[in-house]
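User: Please take a close look at one part of this predicted model, the open sheet, and then relate it to the rest of the chain.

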Amino acid sequence: MSLQLEPQINLFKKANPFIATVLKNQRLTPTIDKAKRPKEEGEASIHRIVLAVPHDQYPYLIGQSAGVIPPGADPKKVEKGSPDTAYTVRLYSISSPTYSFGMTKNTLEFIIKRDNVYDEAGNLLYKGVCSNYLCDLKEGEKVTLTGPSGKKFLLPKLEFDGDIYFLATGTGIAPFFGMSEELLKHKHFPFSGKIYLIYGAPYSDEIVLRDYFHSLEKEFPQFRFIEAVSREQQNPFDGGKMYISHQVRMLVSEIKISFQKQSKFYICGGPKGMERAVIEEIMKAVDSELTYEEFKKKYESLEQLFVETY
Ligand SMILES: Cc1cc2nc3c(=O)[nH]c(=O)nc-3n(C[C@H](O)[C@H](O)[C@H](O)COP(=O)(O)OP(=O)(O)OC[C@H]3O[C@@H](n4cnc5c(N)ncnc54)[C@H](O)[C@@H]3O)c2cc1C
């Protein structure tokens, strides 16, 4: 297949979905009895799900998302007497590298967290429909996909000699797994900059694929993996919790230099508000006099800033 660097969008919709088969479902975080997270905070259950997806049928670029339609009828729609009772599509970032380069692997991967709500004692109150459906999947089962979707959160298409900053919290690591792999291993365009992957999680055993990212750091000197473990590390500024925004502040001199080289900053994950703390640190590092909104708008349109928070 030829190199395809333009994103294909919405090839599959609710009315004509793509049916994929589950190859693997691997839990990435420890079970509650072995986890660092106290039981009263509920469980953090994150899974890596590998689907069989022929790339010539479902072509995607890393940075795009895929939609998943959970099976069954949505009880809220049934109650309302809605003619279409199917669940709405949920989007998930694709975490495997761009199809053109993973040709030996006709797969699509996700990194999914069970989106559950717990009470103060750690008892389960609500279960997210689609995330639990995905995390419970067994090998050989079928999944209904839409998409691919998204055309902005993408890697450069041409030679690039700036640096790349990946800023992730929780499952926001998903696209950066495939992007790091693509930049360092598949090398679909000449890239001579550095990669800083800054990854935040509340506990160190929720830094998923930790060993893999440390091994990338050993193998590729231009790759740095920086952790912000909020409940275990203290930030050096006020001694409070360490968030990714503090790690960004600690890189102020690198960011100053990188910014002049039109370096790119990708932010992914949640909660939705975390992007502001991170962007404000970048603004301080480069002595920007713009307002937050002006800065975001300007650098998103210049394709230096990419934000996908949910
Ligand atoms: C572009 C994009 C990319 C994304 N990528 C990822 C990704 O890579 N990985 C990932 O894990 N997620 C990702 N998400 C989030 C994902 O799309 C879903 O929003 C998430 O999985 C929750 O969906 P759900 O069906 O499990 O929860 P829903 O059933 O939709 O419920 C949503 C929340 O409400 C709670 N809830 C349910 N019922 C009640 C009630 N009665 N009262 C109060 N609360 C209730 C649930 O526990 C849950 O926390 C992404 C989102 C976007 C927009």
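Analyst: Strand E2, which covers residues 46-52, pairs with E5 through seven bridges, and the two run in the antiparallel sense. Within this pairing, isoleucine 49 lies opposite phenylalanine 110 of E5. The two strands belong to an open sheet of six strands, ordered E4-E3-E8-E1-E2-E5, with antiparallel pairing. Because strand E4 (90-93) and strand E5 (107-113) each have a single partner strand, they form the edges of the sheet, and one side of each has no neighbour there. On average, neighbouring strands of the sheet are turned by 40° against each other, direction ignored.

Both edge strands recur around the ligand. The elements that supply two or more residues to the shell around the ligand are E4, E5, strand E6 (116-118), strand E7 (124-127) and helix H2 (129-135). E4 gives the most, with four residues. The shell holds 21 residues, of which Gly128, Cys130, Ser131, Thr171 and Tyr310 come nearest to the ligand. By character, the residues of the shell comprise 10 nonpolar, six polar and five charged.

Strand E8 (residues 142-149), a member of the sheet, also contains proline 148. The peptide bond that leads from glycine 147 to proline 148 is cis, with omega near -5°. A cis peptide bond also joins glycine 270 and proline 271, with omega about -5°. Proline 271 is placed in the loop between strand E12 (264-269) and helix H7 (274-285). As a general background, most peptide bonds are trans, and most residues other than glycine have a negative phi.

Two residues other than glycine have a positive phi. For leucine 209 the value is near 60°, and for glutamine 262 it is near 55°. Leucine 209 lies in the loop between E10 and helix H4 (210-219), whereas glutamine 262 lies in the loop between helix H6 (252-260) and E12. Their surroundings can be stated from the neighbour counts. Leucine 209 has 20 C-beta neighbours inside 10 Å and therefore counts as buried. Glutamine 262 has 15 C-beta neighbours inside 10 Å, so it counts as partly exposed.

Beyond the sheet, the largest nonpolar core is made up of 71 residues. The members that touch the most others in this core are Phe166, Leu167, Ile173, Leu197, Ile198 and Tyr266. Strand E10 (residues 195-201) gives the most to the core, contributing six residues. In soluble globular proteins, nonpolar side chains tend to be buried together. Leucine 167 illustrates the contacts: leaving aside residues up to four places away in sequence, leucine 167 touches Ile198, Ile244, Val248, Phe265, Tyr266, Ile267 and Val278.

A final position is found in helix H3 (residues 174-186), which holds lysine 185. Lysine 185 counts as exposed because 12 C-beta neighbours lie inside 10 Å. Along the chain, lysine 185 and leucine 216 are 31 residues apart, while their C-alpha atoms are separated by 9.7 Å.

Conventions. Residues are numbered from 1 along each chain as its sequence is written. This is a predicted model: local features need pLDDT of at least 70, side-chain atom pairs count only at pLDDT 80 or more; totals for chains, interfaces and linings use all residues. Two strands pair if DSSP finds at least two bridges between them. Axes are lines fitted to C-alpha atoms, for helices over the stretch in contact, and angles run from 0 to 180 degrees between N-to-C directions. A nonpolar core is a set of buried Ala, Val, Leu, Ile, Met, Phe, Trp, Tyr and Cys residues joined through C-beta atoms within 7 Å. Two residues are in contact if their C-beta atoms, placed from the backbone, lie within 7 Å. A residue is near a molecule or strand if its C-beta atom, placed from the backbone, lies within 6 Å of it. Ala, Val, Leu, Ile, Met, Phe, Trp, Tyr, Cys and Pro count as nonpolar, Asp, Glu, Lys and Arg as charged, and the others, Gly among them, as polar.
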